[in-house]
Every structure is written in C-alpha cells, then in structure tokens.
Protein chains: 2
Amino acid sequence: MHPSSVKSLLQNKTSYKVAGTLWIECEGHRFFGPGRVELLQRIEETGSINKAAKTMGMSYKKAWEMINALNTQSSKPLVITQTGGEKGGGSVITPEARQLIVYHQQLRQRFLTFLENESTQLNSI
Amino acid sequence: MHPSSVKSLLQNKTSYKVAGTLWIECEGHRFFGPGRVELLQRIEETGSINKAAKTMGMSYKKAWEMINALNTQSSKPLVITQTGGEKGGGSVITPEARQLIVYHQQLRQRFLTFLENESTQLNSI
DNA sequence: AACCGTTATATCTTTAAAAAAATAACGAAC
DNA sequence: GTTCGTTATTTTTTTAAAGATATAACGGTT
C-alpha cells in the first residue's frame, strides 16, 4: 500500500509527520536519552547541578537522581561533584560524558534523517 | 568517534541496544502509535471494545477514550460501534483502520531495521 | 569561627494519571 | 416487557509522579 492512501484517511487540512524518540537501553530500561543529554550539557555550561536544573525548569532533586543513575549505571563516572569549596562546590562532566553526548548527537541526527524521510513519504501525493 | 569507544564506557557485562518508539503526529500531539495499533487489532479479533480492553489489561474507559480520539481526529471513522443488539452490541474496525495498521506495521519494520543496525554498531568491537 | 553556595538526603505536600465503581441507554431475541 | 452484553458516561477512589520544603554536610574564603 502506498503511504499516500494513508494520508487520505487523515484530515487533509494539516500535515502529518512521523515522530519518535530513541535512547540507549541497558537491561531493559532506559539508560541514556535526550533528557540526560541536555542535563549533562547544562552542567558542563554552568558547572553546577543546581544551576543546570534551574535553566531546564527541573527540580534539583530530579536532576540529582538522573545524574546519580547515570553514574551508578556506567562503569566510569560521567559527572564529578564537589561539595563545599570556594564557591560552595560544583560539578563537572568527564571526557566519557562528552563522548557519550557526541555519540548520541550523531545517533540522533541519523534518526532525524530517518524520520524526515518517512514524513516526506507520508505527505507526498 | 567510533561507537565502540562508547561501549567501553558502559558496563561491559551486558549488551546495550538502541531502542525507541515512533508514532504519527498530528498538530504536535500523538495521533497513532503502537498502543492504538494493538487496540484496533484486538477489536478486530474480538468484535468488542470491552473484550479487546480486557485482553490487553486495559480498562474499558481508557480503551473507549482511545478509539474516541481516533474517530474524532481522523476524517473517516476507524471503529464503528453498535450499542444494543443481539449480543448486546459490538464494534468493528473499518477498512481505513486496516490500512493504517498495515502502514504502521511496515513503518515499524523499517524502524526496527534501523534500531538493529544501530545496536549492532554500538556493540561491535 | 562564621559565611557561602553547592551537594546530598529525607520528608511532606500537591498534582496528575490511572483505576475502579456505578449507572444509564441501547436494541435484538425470546 | 424482560433479559442480555455491550456501549457510553459520570463519579469516586486509588495510585504514582512530581514538586516543594527542610536540613545537614561539605570545604574553601574571609
């Protein structure tokens, strides 16, 4: 069946698209997805879990739980924290975290290409 | 960066895989995904929203809301219901619904191929 | 020692989602 | 008109997630 016959089933006033999300799975549960990627990036930018969470509109608690899960599930820590210190403390991400981010970005790009290709086919006459 | 360097970051006792989900989006919100596909299939098999919901471990209410959303969002109804009748009523899916199911299955197959390809690359040495 | 902003953690409250329960209407069969 | 199992809908209850709040520890700086 050609996808165009599907399009005709839908309301023809708007355009439809194929969307989705993906992640790296470990033992059946999500290990690394878009949310954690963004959190790591913001920690790298701000040097703080607290600030990173606020810029994302996320509670500190949830952010901490996410990076705690990341650190405990991976063989090497992805975020190194310091409590106390000249500015009260702070956090930095490791080179391994940067590698994971780059990999996920490239993976995501390939996925976006896939989705755009499917969407184009779906909306073509 | 080669994906294998990412693998080494993770715990090497288990295998990781790239997983995900996709759906057809309409005006920014999900319109048709795996859950609704399965529900339509079970309605086709059982001839009843009620029975279909039970075999999926889903409440009738939620099932009804899903098929109601499907019917109101698509230009042509996907499920036709009858209240009352010789067996109390029942539901059947339309040819349009069957076409949507087939399209989604084919789309899903292409997606699975994509995921398996990525997973193989991720776990390769 | 006091101060600072952060990490770390527990607890309480609020909110949202899901589930459950209850009720009415429907229409063919008898 | 009674029975039957289903659809349709509202209401209530339960559960889970999220959010808010509170508190302590930390370690440089002053």
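In this predicted model, the surface near DNA strand C draws on both protein chains. At least two residues each come from α3 (49–55), α4, β3 (79–83) and β4 (89–93) of chain A together with α4 of chain B. In total, 24 residues surround DNA strand C. The closest are Ile49(A), Asn50(A), Gly88(A), Gly84(B) and Glu86(B).

DNA strand D has 23 residues around it. Gly84(A), Glu86(A), Ile49(B), Asn50(B) and Gly88(B) come nearest. The elements giving two or more residues to this surface are α4 (60–73) of chain A together with α3 (49–55), α4 (60–73), β3 (79–83) and β4 (89–93) of chain B. The table lists both surfaces by residue class.

| Surface | Nonpolar | Polar | Charged |
|---|---|---|---|
| near DNA strand C | 3 residues | 15 residues | 6 residues |
| near DNA strand D | 2 residues | 15 residues | 6 residues |

**The hairpin of chain A**

Strands β3(A) and β4(A) form a hairpin with 5 residues between them. Their pairing is antiparallel and runs over 5 bridges. Val79(A) stands opposite Ile93(A) in β4(A). In the turn, Gly84(A) has a positive phi of about 80°. Gly84(A) is also one of the residues that come nearest to DNA strand D.

**Chain A as a whole**

Chain A has 5 helices and 4 strands. Along the sequence they follow the pattern α-β-β-α-α-α-β-β-α. The radius of gyration of chain A is 19 Å, well over the 14 Å that the globule rule gives for 125 residues, so the chain is more spread out than a compact globule. Its C-alpha atoms fill a box of roughly 65 × 30 × 20 Å along the principal axes.

**Two chains, one sheet**

How are chains A and B related? A rotation of 180° with 0.0 Å of shift along its axis superposes chain A on chain B, with an RMSD of 0.1 Å. That is the relation of a two-fold axis. Thr21(A) is the residue of chain A that comes closest to the axis, with its C-alpha at 2.9 Å.

An open sheet of 4 strands spans both chains, in the order β2(A)-β1(A)-β1(B)-β2(B), with antiparallel pairing. Its edge strands are β2 (29–32) of chain A and β2 (29–32) of chain B, each pairing on one side only. Neighbouring strands are turned by 65° against each other on average, direction ignored.

In the middle of that order, β1(A) and β1(B) pair over 11 bridges, in the antiparallel sense. Lys17(A) has Glu25(B) as its bridge partner in β1(B). Within chain A, β1 (residues 16–26) pairs with β2(A) over 3 bridges, again antiparallel. Here Ile24(A) stands opposite Phe32(A) in β2(A). Helix α5 (residues 95–123) of chain A packs on the sheet. This helix touches β1 and β2 of chain A together with β1 (16–26) of chain B. Its direction makes about 150° with that of β1(A).

**The contact between the chains**

How many residues of chain A are in contact with chain B? There are 32, and they meet 32 residues of chain B. On the chain A side, α1 (3–7), β1 and α5 are the elements that give two or more residues. Strand β1(A) gives the most, with 11 residues. This side of chain A divides into 17 nonpolar, 9 polar and 6 charged residues. Of the interface residues of chain A, 100% are also interface residues in chain B, so the copies meet through the same surface.

Methods:
Residues numbered from 1 in each chain as written. Chains lettered and ligands numbered in written order. Predicted model: local features only at pLDDT ≥ 70, side-chain atom pairs only at ≥ 80, totals over all residues. Near = placed C-beta within 6 Å. Nonpolar A, V, L, I, M, F, W, Y, C, P; charged D, E, K, R; others polar. Least-squares fit on C-alpha atoms with pLDDT ≥ 70 in both. Contact = placed C-beta atoms within 7 Å. Pairing = 2+ DSSP bridges. Axes fitted to C-alpha atoms, helices over the stretch in contact; angles between N-to-C directions. Rg over C-alpha atoms; globule rule 2.2 N^0.38 Å.
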